[in-house]
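Work through the following exercises with the sequence and the model side by side. Try each task before reading its solution.

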Amino acid sequence: MIIVVIILLVAIIMLLMIYNMLISKKIDKYNNLNQKVVSLNVLQEFMDTISEEKTPSNKIRKINEILIEKYDIKYSTIVVYNGAEYIIKATNVDVKHWDTLKNLHTEEIFKEAIETATPKYITVEKEGERLPYQKMEFGRAKSAMFFPLYIDNVYIGYWIIESGKAHDFDRIDTTVLEVVKNNIISVVKTIDSQEIIENIVRDDMFTGLKSAEYLYAEGKRRLDKYTISSICMFEITNIMNVNEQYGRHTGNDVITKVSEIVKQSISPEYIFVRYMGPKFVLAFTGVQTEDISKFAIDIKENLEELNIKQNESDLYEDEEPEYVKPEINMVITAYYKGTALEAVTKKLEEYLKLAPEGENDINYI
């Protein structure tokens, strides 16, 4: 009788163990599925962030905040090498730890991970221990995952997530984190391109206007606050003749005077840049093309009524100065929020390039 009871108990225990294993597998499967759903949502939020009217630094910080919130990460830090030094692009760790975090590439424990482009997981085993890269801190982080970041097989930095609990990442789905890492790389690549554009913006020496690159960075952010805006490109079509007949100093005076008149005629909320040579771009934020027709007519007439005196540097001794008038060819089109602004300006540039010689008109395309 006792043997029967023992056998029955053993059978029950075995069944319970099998049941628990099945439940555990279902929970793991559910957690993995849930992480994948979260990853899809995170990816969508990443894409939304990239398209927002924010500076590159604000975008990468927001992306890090999304990671922390969606994956319930204690600490997340994104570090990028800019060609000269390692820079923390985003982190929620106290600033006193930044020197340590931006020098993890020098730590022996992470060197193999960087060389092989593979993640590295480390954790403490008992109280009182600290992670190898921690120099002067205890208790802040007890486990960490380190992900090297590569763009086109070129190492560009790393992403590290940390937890205040030992073994906190033991059961995390690393394939999901790999997807997240790749998304971070895509975002960094996109934002890096935006930063390059912003860093090459220059002030034109003759007009004081921003260069065309401004239009594609800060200018686009301003334009994308509105559904529809208008882009106007105009060219001083006789600038070559002015340079040849009256001298290059006079040509520069024409460009300077034209830019001054336009600058004084527009609202500060609009964008005015020197696009290239004798071409300029006016961007009317939130204004449709039909609403700027009168302004276009007036500004063109004002510019072509200018009498610009020949520069003294272009005169021979005792030569009397002459006066020149700029001739303007203008083309206008609509810009829609979120579309390729560079494609719009390229279309306008092509129109002016292919316009019949001597054309000076206002054209809508």
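**Exercise 1. A pair of rings**

Does F234 count as buried or exposed, and what is its relative accessibility? Then describe how F234 is placed towards F272.

Solution. The model is a predicted one, and every step below should be read with that in mind. For the first step, the cut-off is needed: a residue is buried when its relative accessible area is under 20%. F234 has a relative accessibility of 1%, so F234 counts as buried. F272, with a relative accessible area of 9%, is buried by this cut-off too.

For the second step, turn to the rings, remembering that a pair of aromatic rings is described by the distance of the centres and the angle of the planes. The structure holds 14 aromatic pairs. In the pair of F234 and F272, the ring centres are 6.3 Å apart and the planes make an angle of 20°, so this pair is stacked, because planes under 30 degrees apart count as stacked.

For the third step, look at where the two residues sit: F234 belongs to strand β7 and F272 to strand β8, so the pair ties together parts that are 38 residues apart in sequence.

**Exercise 2. The sheet around β9**

Find the order of the strands in the open sheet of six strands, and then work out how β9 is paired on its two sides.

Solution. Begin with the whole sheet, in which the order is β6-β8-β9-β7-β12-β13 and the pairing is mixed. Its edge strands, each of which pairs on one side only, are β6 (210-211) and β13 (362-364). Helix α9 (residues 293-304) packs on this sheet, where it touches β7, β9, β12 (328-336) and β13, and its direction makes about 155° with that of β12.

Next, take the neighbours of β9 in turn. Strand β7 (residues 228-236) pairs with strand β9 (residues 279-284) in the antiparallel sense over six bridges; within this pairing, E235 has K279 as its bridge partner, and F234, the residue of the first exercise, stands opposite F280. Strand β8 (residues 271-276) is also antiparallel to β9 and is joined to β9 by five bridges, with M276 standing opposite K279. The hairpin of β8 and β9 has two residues between the strands, and G277 there takes a positive phi near 55°.

Finally, ask how enclosed β9 is. Six of the six residues of β9 are buried, so the strand is largely enclosed by the rest of the structure. K279, V281 and A283 point one way, whereas F280, L282 and F284 point the other way.

**Exercise 3. One residue in detail**

Which residues does V281 touch, leaving aside those up to four places away in sequence?

Solution. First locate V281, which is found in strand β9. V281 has a relative accessible area of 0%, and is therefore buried. Next list the contacts: V281 touches L215, I231, C232, M233, I271, F272, V273 and Y275. For one of these, M233, compare sequence with space: V281 and M233 are 48 residues apart in sequence, yet their C-alpha atoms are 4.4 Å apart.

**Exercise 4. The two sides of a helix**

Which residues of helix α7 (residues 239-246) are buried, and what covers them?

Solution. Start with the buried residues, which in α7 are I239, V242, N243 and Y246. They cover an arc of only 110° around the axis, so they are on the same side of α7. The face turned away from that buried side carries M240, E244 and Q245, which are exposed.

Then look at the cover, which includes β7, α8 (248-265) and β11 (323-324). Between α7 and α8 the packing angle is about 145°, and the axes are 7 Å apart. At this contact, I239, V242, N243 and Y246 of α7 meet R248, T250, G251, V254 and I255 of α8. Sorted by kind, the residues of the contact are five nonpolar, three polar and one charged. As a last step, inspect the residue that follows α7, namely G247, whose phi is positive, near 110°.

Methods
Residues numbered from 1 in each chain as written. Predicted model: local features only at pLDDT ≥ 70, side-chain atom pairs only at ≥ 80, totals over all residues. Heavy atoms only, no water. Pairing = 2+ DSSP bridges. Helix = DSSP H or I, 4+ residues; strand = E, 2+ residues; numbered from the N terminus. Contact = heavy atoms within 4.5 Å. Axes fitted to C-alpha atoms, helices over the stretch in contact; angles between N-to-C directions. Buried < 20%, exposed > 50% of the residue type's maximum accessible area, 1.4 Å probe, protein only. Arc of directions from axis to C-beta. Nonpolar A, V, L, I, M, F, W, Y, C, P; charged D, E, K, R; others polar. Phe/Tyr/Trp six-rings, centres within 6.5 Å; stacked < 30°, edge-to-face > 60°.
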